[in-house]
Amino acid sequence: MLEVTTINKWPHYRDRFVQLVIYLLVFLVSAVFAWILFDLARGGLTHLSWEFLIESPRDAGRAGGIGSVLVSTLLILLVALTAALPLAWTTAALLAEYVPTTSQFGVTVRFSLQVLAGVPSIVFGLFGNAFFSVYLGLGFSILSGGLTLACMLLPILVSTAEAGLRAVPQSYRLSAAALGMSRTATLFHLLLPVAAPTLAAGLLLGIGRAIAETAALLFTSGYVDRMPGSLLDSGRALALHIFDLSMNVPGGDTPAYASALVLVVLLLCINMLAMKLAYGLQRRKIMTT
Amino acid sequence: MFQSVQNDALTCWVLRAGAVISALVMLLILAFLLIESWPVLDQITPARFFTDTSWHPIEGTYNLTPMLSGTLLASMGALLLAIPLGITSALFIVFYAPTHLALPYKRMIELLAGIPSVVFGFWGLTTLVPLINQLHPPGASLLAAILVLTLMILPTITLTTYSALKAVPSEFLHNAAALGLSRWGMIHGIAFPAARSGIVAGVILAAGRAIGETMAVLMVAGNVVQHPEGLFDPIRTLAANIALEMAYAMGDHRAVLFVSGLLLMLLVMVLSAMASKIGKNQYA
Amino acid sequence: MNQTDNNRENPFTLGPLQMGPACCDPQPVIQVENLSLQYDGKTALDNVTLDIYRGCITALIGPSGCGKTSFLSAINRLTDLIPECKVQGCIRVDGRNIYEPTHNVQALRRQIGMVFQKPTPFPLSIRRNITLPLREHGITQRTQVETITEQVLSDVGLWDEVCDRLDTAALSLSGGQQQRLCIARALALNPQILLMDEPCSALDPIASGVVEDLICRLRGRYTIVIVTHNLAQARRIANYAAFFWVKERAGQLVEFGRCQHIFESPTHELTAAYVNGARG
């Protein structure tokens with residue numbers, strides 16, 4: 001009898017032990033996350049001010065602010081989205097609505113996008129440099145940086161939009177067809193509005209990726225930190241600014257901290273908004289079923 | 001009536017054109033990497049990338065092995081740390097966390113995934129490197145690269161493991177619980193085997209990310225071209241090498257950098273093809 | 001809720017055949033000839049020949065998986081949307097084969113409305129649910145759209161319930177209201193024929209009764225084909241009944257005839273067993 005109870009106790013102790021280990025490791029991960037945020041906040045908050053956000057950098061970034069850098073970042077982002085969104089959303093609509101999942105065409109497009117999603121950003125940088133900057137003659141410019149980013153964003157925009165369209169219940173398509181609506185009208189008036197929250201969430205994730213990107217912009221949009229005059233000017237992105245300040249500018253750590261803080265806060269906000277949209281969609285789906 | 005039918009055909013063609021262009025981006029990238037690396041691939045036998053005496057591209061010696069070993073060591077080290085951490089994180093979210101902690105912790109991991117590599121690099125440079133320097137100079141080292149990479153691929157492993165565990169049919173777990181299995185017995189005996197292929201696919205994806213990561217490693221690894229002899233030796237990875245030398249590379253040197261880019265891309269392509277193949281076998 | 005209907009004073013007797021004017025003189029409006037239907041090579045429906053009469057309610061009965069829903073989808077060519085679905089044979093609506101390549105599918109679906117088992121209002125406002133398909137079919141004049149909206153909502157008895165909140169979400173309606181909205185949406189296109197796929201089975205008994213009353217009131221104005229698992233309902237509302245059964249994994253039509261005939265003196269013993277509850 002005694003023996004039986006001791007055997008039964010063993011899984012219990014093992015359970016306890018595993019639980020302890022898991023809680024410890026989770027605590028470790030959370031602590032490191034908090035440590036990073038705390039470090040950035042401590043290093044950057046004192047330097048952060050309204051002037052820092054709107055002034056152009058002076059003395060290689062040691063003084064002044066990040067105004068022109070923010071403008072360049074925004075312009076690069078706009079170029080990237082203008083180029084990538086129409087392509088991505090048409091591709092997603094085609095993959096989700098018009099071609100069967102198993103068709104050769106669909107499989108090929110999907111495979112190519114999947115490979116694209118895995119390509120390291122430095123390779124995008126090489127390609128952007130060779131194709132946009134040199135071959136098309138755009139030089140080191142916001143335009144070539146933005147177009148390089150557009151290639152990078154394609155996979156994530158397509159996959160989120162396709163998932164969003166596929167999540168629209170099939171019954172809507174059948175009902176719309178039974179009412180004699182054409183597929184185009186169904187797509188524009190019904191499916192896209194219903195999938196809008198996911199499309200928006202994907203868009204925000206794409207924006208997050210774009211403003212976090214450094215390596216792909218190193219040799220495409222360049223380092224110049226003055227206010228860009230046109231899309232053909234070189235412009236320094238925020239992430240690149242942080243890299244340059246910390247690696248190439250002695251004494252640039254404090255503005256680097258402040259810039260990193262700005263970037264991280266911006267990204268946290270964008271990503272939280274994206275999650276909220278995606279989460280809201282899930283909740284609504286539960287309510288209607 | 002007929003107009004709307006024509007509209008449908010028109011829409012279909014517009015969408016098709018978009019999709020074709022999207023698919024062509026991939027080919028365009030491959031083509032340009034090949035064109036740019038052709039001058040070197042044409043003249044030099046690939047074996048020279050492994051047998052040359054050293055990496056002195058200006059003098060025409062192109063030994064890539066120190067960079068390759070640096071890349072592989074850093075990635076393997078990071079995987080070694082990130083796999084247990086990531087899997088326990090996913091277990092915590094799915095099985096162990098009280099409800100009010102599971103979602104916040106998952107959100108935190110998702111936010112961690114959104115932190116840019118340059119910020120990880122910057123944090124590593126200003127916080128980790130001085131710490132390691134106190135332990136064993138110079139600080140910028142293989143160890144620093146491993147630690148920063150671990151943080152960067154942890155979310156990938158956690159989130160893929162999470163979805164693989166979530167996809168395990170709950171009847172399995174209910175039945176296991178009804179048979180009186182302990183929690184760990186249930187996870188170890190039922191959940192892991194059922195989710196295995198999904199977890200493996202996630203780990204392979206994470207490996208791809210680690211190999212291709214540039215900025216964070218560039219900032220903390222020291223960037224000395226050498227075969228490291230210990231954790232505290234500085235290293236240079238393939239990706240960091242491209243970022244460092246591209247700015248001034250000319251002629252054959254530039255072409256060699258494109259060759260290493262091509263190499264990186266092929267590595268990642270093989271890994272992602274493996275991941276998708278394994279992921280497809282996943283229990284549905 | 002208690003719409004009394006003069007067509008239906010005593011719902012439990014058979015013999016409402018004489019009610020609609022068109023039913024006195026049955027003319028086929030849909031002629032199905034040798035219809036077979038395959039999903040992915042597996043036969044779902046095998047060689048069905050059947051006429052549907054104008055202005056009458058035809059009930060399709062039979063066990064699950066015997067191809068009733070597939071039969072409905074074949075009539076308005078919704079089967080086109082299902083990949084790997086092959087249709088053979090011929091369906092004539094008003095004498096024209098709808099599977100001819102030149103036949104305009106959208107016009108066909110406008111002519112034939114369909115209501116599904118689960119209420120499927122679009123996640124839009126109540127008004128937009130009705131106006132969206134109208135606009136698609138070129139009815140854009142505002143006054144006309146408004147008249148039609150009010151007309152069809154009144155027809156389904158929903159106008160009084162929702163007239164003050166037409167711009168609220170259609171998903172906020174109750175299940176029965178949603179289903180009546182779906183019927184109204186189909187009616188707005190002024191179809192000749194209504195296909196109904198178990199329109200009451202996802203509703204509670206009271207809502208189900210309201211929808212059933214509504215279907216009866218539509219008799220005569222529309223030709224209705226309804227799939228139902230509720231034999232009592234089929235008996236109450238239908239003029240004709242078609243009994244389907246699964247043979248060798250393929251759905252087949254066993255017997256078709258006047259409702260009274262099918263329920264009281266069926267020719268086929270399977271039908272007798274099914275309607276008496278002995279099988280299926």
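**Questions on a predicted three-chain model**

Visitor: Why is Val71(A) called partly exposed?

Guide: Val71(A) has 16 C-beta neighbours inside 10 Å. A residue is buried if 20 or more other C-beta atoms lie within 10 Å of its own, exposed if 12 or fewer, and partly exposed in between, with C-beta atoms placed from the backbone. The count of 16 therefore makes Val71(A) partly exposed. The model is a predicted one, in which local features need pLDDT of at least 70 and side-chain atom pairs count only at pLDDT 80 or more, while totals for chains, interfaces and linings use all residues. Residues are numbered from 1 along each chain as its sequence is written, and chains are lettered from A and ligands numbered from 1 in the order in which they are written.

Visitor: Where is Val71(A) placed, and which residues is Val71(A) in contact with, leaving aside its neighbours within four places in sequence?

Guide: Val71(A) belongs to helix H3 (residues 67-98) of chain A; helices (H or I, at least four residues) and strands (E, at least two) are DSSP runs, numbered from the N terminus. Beyond neighbours within four places in sequence, Val71(A) is in contact with Met227(A) and Pro228(A), where contact requires C-beta atoms, placed from the backbone, to lie within 7 Å. Ser56(A) is 15 residues from Val71(A) in sequence and 10.0 Å from it in space, C-alpha to C-alpha.

Visitor: What makes Ala207(C) buried or exposed?

Guide: Ala207(C) has 20 other C-beta atoms within 10 Å. Because the definition of buried asks for 20 or more, Ala207(C) is buried. This residue lies in helix H7 (residues 205-218) of chain C. Leaving aside neighbours within four places in sequence, Ala207(C) is in contact with Ser174(C), Gly175(C) and Gly176(C).

Visitor: Why is strand S7 (residues 193-197) of chain C called mostly covered?

Guide: In S7(C), 5 of its 5 residues are buried. Ile193(C), Leu195(C) and Asp197(C) point one way from the strand, Leu194(C) and Met196(C) point the other way, and all are buried. In a regular strand the side chains alternate between the two faces of the sheet.

Visitor: How do you know that S7(C) pairs with strand S8 (residues 223-227) of chain C?

Guide: Two strands pair if DSSP finds at least two bridges between them. S7(C) and S8(C) are joined by 5 bridges in the parallel sense, so they pair. Here Met196(C) stands opposite Ile226(C). Strand S6 (residues 112-115) of chain C also pairs with S7(C) in the parallel sense, over 4 bridges, and Met114(C) stands opposite Leu195(C).

Visitor: How do you know that the span of helix H3 (residues 65-96) of chain B agrees with its number of residues?

Guide: The expected span of a helix is 1.5 Å times one less than its number of residues. For the 32 residues of H3(B) this gives 46 Å, and the end C-alpha atoms are 44 Å apart, which agrees. H3(B) nevertheless bends by about 30° at Ala82(B), the bend being the angle between axes fitted to the seven residues ending there and the seven starting there. A proline, Pro84(B), follows Ala82(B) within four residues.

Visitor: What makes up the secondary structure of chain B?

Guide: Chain B has 11 helices and 2 strands, in the order α-α-β-β-α-α-α-α-α-α-α-α-α along the sequence. Of its 284 residues, 49% count as buried. The C-alpha trace of chain B spans about 75 × 70 × 30 Å along its principal axes.

Visitor: How is chain B divided into domains?

Guide: Domain 1 of chain B covers 2-43 and domain 2 covers 55-280, with bounds taken from an automatic or database domain assignment. Their C-alpha centres lie 31 Å apart. In the contact between them, 7 residues of domain 1 of chain B meet 8 residues of domain 2 of chain B.

Visitor: How many residues does the contact take from chain A and from chain B?

Guide: The contact takes 66 residues from chain A and 67 residues from chain B. On the side of chain A that touches chain B, helix H1 (residues 2-44) of chain A gives the largest share, 15 residues. That side divides into 45 nonpolar, 16 polar and 5 charged residues; Ala, Val, Leu, Ile, Met, Phe, Trp, Tyr, Cys and Pro count as nonpolar, Asp, Glu, Lys and Arg as charged, and the others, Gly among them, as polar.

Notes: Two residues are in contact if their C-beta atoms, placed from the backbone, lie within 7 Å.
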